[in-house]
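Hello,

Here is the structure I said I would pass on. My notes follow below it.

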Amino acid sequence: MFKIKNYINGQLVEPESGEYLDNYNPAEGKVYSLIPDSDDRDVQKAVVAANAAFDGWSSMPVLKRSAILLKIADFIDRDHEKLARAESDDNGKPLSLASRVDIPRASSNMRFYATAIQHFASESHMSDDQALNYTTRTPVGVAGCISPWNLPLYLFTWKVAPALAAGNTVVAKPSEITPMTAYLFSELCIEAGLPEGVLNIVHGLGAKAGQAIVEHPDIPLISFTGGTTTGKHIAATAAPMFKKMSLELGGKNPNIIFDDCDFDQALKVSIHSSFANQGQICLCGSRIFVQEGIYDRFVSQFVERVKTLKVGDPHDETSKVGAVVSKQHKDKILSYIKLAQDEGGEILCGGHQVKVEGRCEEGYFIAPTVIVGLDATCRTNQEEIFGPVVTIIPFKAEDEVIALANSTAYGLSATIWTDNLKRAHRVSHQIKSGIVWVNTWLFRDLRTPFGGMKQSGVGREGGEEALRFFTESKNICIALK
Ligand code: NDP
């Protein structure tokens, strides 16, 4: 069986333990490759390599650094088909989605930061005519980058690209559930001539390899994307060591639909924002609030359309919903559907596993599920399910829906549908989340700040925010008189 390898000091190597973990293809429910079960020894080797590479990489002229990252981006584009296939097989997502979104975005991330660093500038402040202050921004050192399974290469590169562009060296751990494209990425780095030790990828369990990264005294900065519970644990470990931290965590995002919206557009995009990637995007709108004037019409048309979404083999171009990422995650989603019923929810469609014939008959498929009749305060409407499950809740007034939207512990993103410009601004300002989309969803401009409020995270990524995070600022004040 194919064995994924760690990428340490420019070499593809076996884990120190010699042990491997099973890697499943979730659409088939079968093990199809093996992942290094790395531990603190592998992380230690990676940190030593990253430290040794730091001086050379951080002092390399920016244009040269940028050229290597651009070459990696070109190789991602060249291998687009192979990478999309690998992402779909590893994660269960439709091949068409991996091909259209995940892989193009991975090369965009590399290209964006490879060029952004050429324009990155720091401030200077003239203090009357007494003194000149100027700020320098220098790379921090060895960055620890830990990424989740839902958008594997997309989110892996979203961290690694700005970290490297800013001149840091990196020890990264992709999710053990979806390691394949990060492994293929390491092959591309070797081909592109990335100097040894600049990027090190250690595969394995979060609690073992991930924890060793977070605890390592020579890693002064952690960029983490994943669940809120893991984020709390990471913060508790890293904060007493005074590490710089960026935490991109979970969400329970409201999708607010006012009577005065463009109904057809709201309906169409809401189906996408509910079920894209099997609902496993941190930005999915899992709580749909619909104003009472259009509530009945919206619910009936939404359910009618959701029933037509084809759940099936991710390789089949007509499949709109693929497999969820693992058996464990499938069981978690089904337990939430059961909870919703126990809490008095009515399931209008879905609510069950789907058996897909052929090669996928053992796969982890769940029908897109729409639930009504639940109060906004119940657990189903407060906790992140992270699957193809949405609830629809009616509301009367603007103030009421703002309070409901803000009523969870999360604050990652929100969507608002209205044709009333003043209302769009008014509501956007009052929603407590890091991102608000009005009459659209998942429109991303990589220059914008990205991140969550409340328990959805600490800090912002994206654009200059990421370059600032991955650098240390120093102010130098020179007396002029
Ligand atoms: P997890 O928190 O389970 O894992 C994220 C990563 O952290 C994985 O690589 C995991 O490894 C690792 N990890 C786990 N425990 C530790 C530890 N003790 N120390 C260091 N690393 C550890 O999240 P999921 O992978 O399940 O991803 C889904 C979650 O991510 C959802 O909550 C979703 O909302 C959130 N997310 C947030 C985004 C955002 O931008 N705000 C974007 C995308 C997802 P392993 O897989 O081996 O356990």
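Cavities, a pocket and one strand

There are two cavities of 30 Å³ or more in the structure. Please keep in mind that this is a predicted model.

The largest cavity encloses about 110 Å³ of space. Its lining is made of 15 residues, and those nearest the centre are Gly 279, Cys 284, Ser 286, Glu 384 and Phe 386. By class, the lining of the largest cavity has seven nonpolar, six polar and two charged residues.

The second largest cavity has about 50 Å³ of volume. It is also lined by 15 residues, with Pro 254, Ala 405, Tyr 410, Gly 411 and Lys 432 nearest its centre. Two elements give two or more residues to this lining: strand E20 (410-411) and strand E21 (413-417). The lining of the second largest cavity divides into five nonpolar, six polar and four charged residues.

One of the residues nearest the centre of that second cavity, Ala 405, belongs to helix H13, which covers residues 398-405. Is Ala 405 buried or exposed? Its relative accessibility is 5%, so Ala 405 counts as buried, the cut-off being under 20%. Ala 405 and Lys 252 are 153 residues apart in sequence, while their C-alpha atoms are 9.2 Å apart in space.

Next, the open space. The second largest pocket has a volume of about 260 Å³. Its lining counts 15 residues, and Leu 97, Arg 100, His 272, Ala 276 and Lys 320 are the ones nearest the centre. Helix H4 (95-119) and helix H9 (263-275) each contribute at least two residues to the lining of this pocket. Domain 1 (2-249 + 456-479) and domain 2 (254-445) each provide at least three residues of the same lining. Sorted by class, the lining of the second largest pocket has seven nonpolar, five polar and three charged residues.

I also looked at strand E11, residues 221-225. How many of its five residues are buried? Five of the five are, and the strand is mostly covered. In a regular strand, side chains alternate between the two faces of the sheet. In E11 both faces are covered: Leu 221, Ser 223 and Thr 225 are buried on one side, and Ile 222 and Phe 224 are buried on the other.

E11 has pairing partners as follows. Strand E8 (residues 142-146) runs parallel to E11 and is joined to it by four bridges. Within this pairing, Gly 144 has Ile 222 of E11 as its bridge partner. Strand E12 (residues 244-248) pairs with E11 over five bridges, also in the parallel sense. Here Phe 224 has Leu 247 of E12 as its bridge partner. Ile 222 and Phe 224, the two residues on one side of E11, thus each appear in a bridge, Ile 222 with Gly 144 and Phe 224 with Leu 247.

Which elements make up the β-α-β unit that includes E11? They are E11, helix H8 (residues 228-238) and E12, and the unit is right-handed. The loop between H8 and E12 holds Phe 242. Phe 242 counts as exposed because its relative accessibility is 76%, where the cut-off is over 50%. From Phe 242 to Thr 318 the separation is 76 residues in sequence and 50 Å in space, C-alpha to C-alpha.

Regards

Key: Residues are numbered from 1 along each chain as its sequence is written. This is a predicted model: local features need pLDDT of at least 70, side-chain atom pairs count only at pLDDT 80 or more; totals for chains, interfaces and linings use all residues. Side-chain values use heavy atoms; hydrogens and water are left out. Buried means under 20% relative accessible area, exposed over 50%, partly exposed in between (1.4 Å probe, protein chains only). Two strands pair if DSSP finds at least two bridges between them. A crossover is right-handed if, with the strands pointing away from the viewer, the path from the first strand over the helix to the second runs clockwise. On a 1 Å grid over the protein atoms alone, a cavity is a set of points where a 1.4 Å probe fits but cannot get out, and a pocket is an open set with protein on both sides within 12 Å along at least five of seven lines; lining residues have an atom within 4 Å of a point. Grid points are joined across faces, edges and corners, and a volume is the space filled by probe spheres set on the points. Ala, Val, Leu, Ile, Met, Phe, Trp, Tyr, Cys and Pro count as nonpolar, Asp, Glu, Lys and Arg as charged, and the others, Gly among them, as polar. Domain bounds come from an automatic or database domain assignment.
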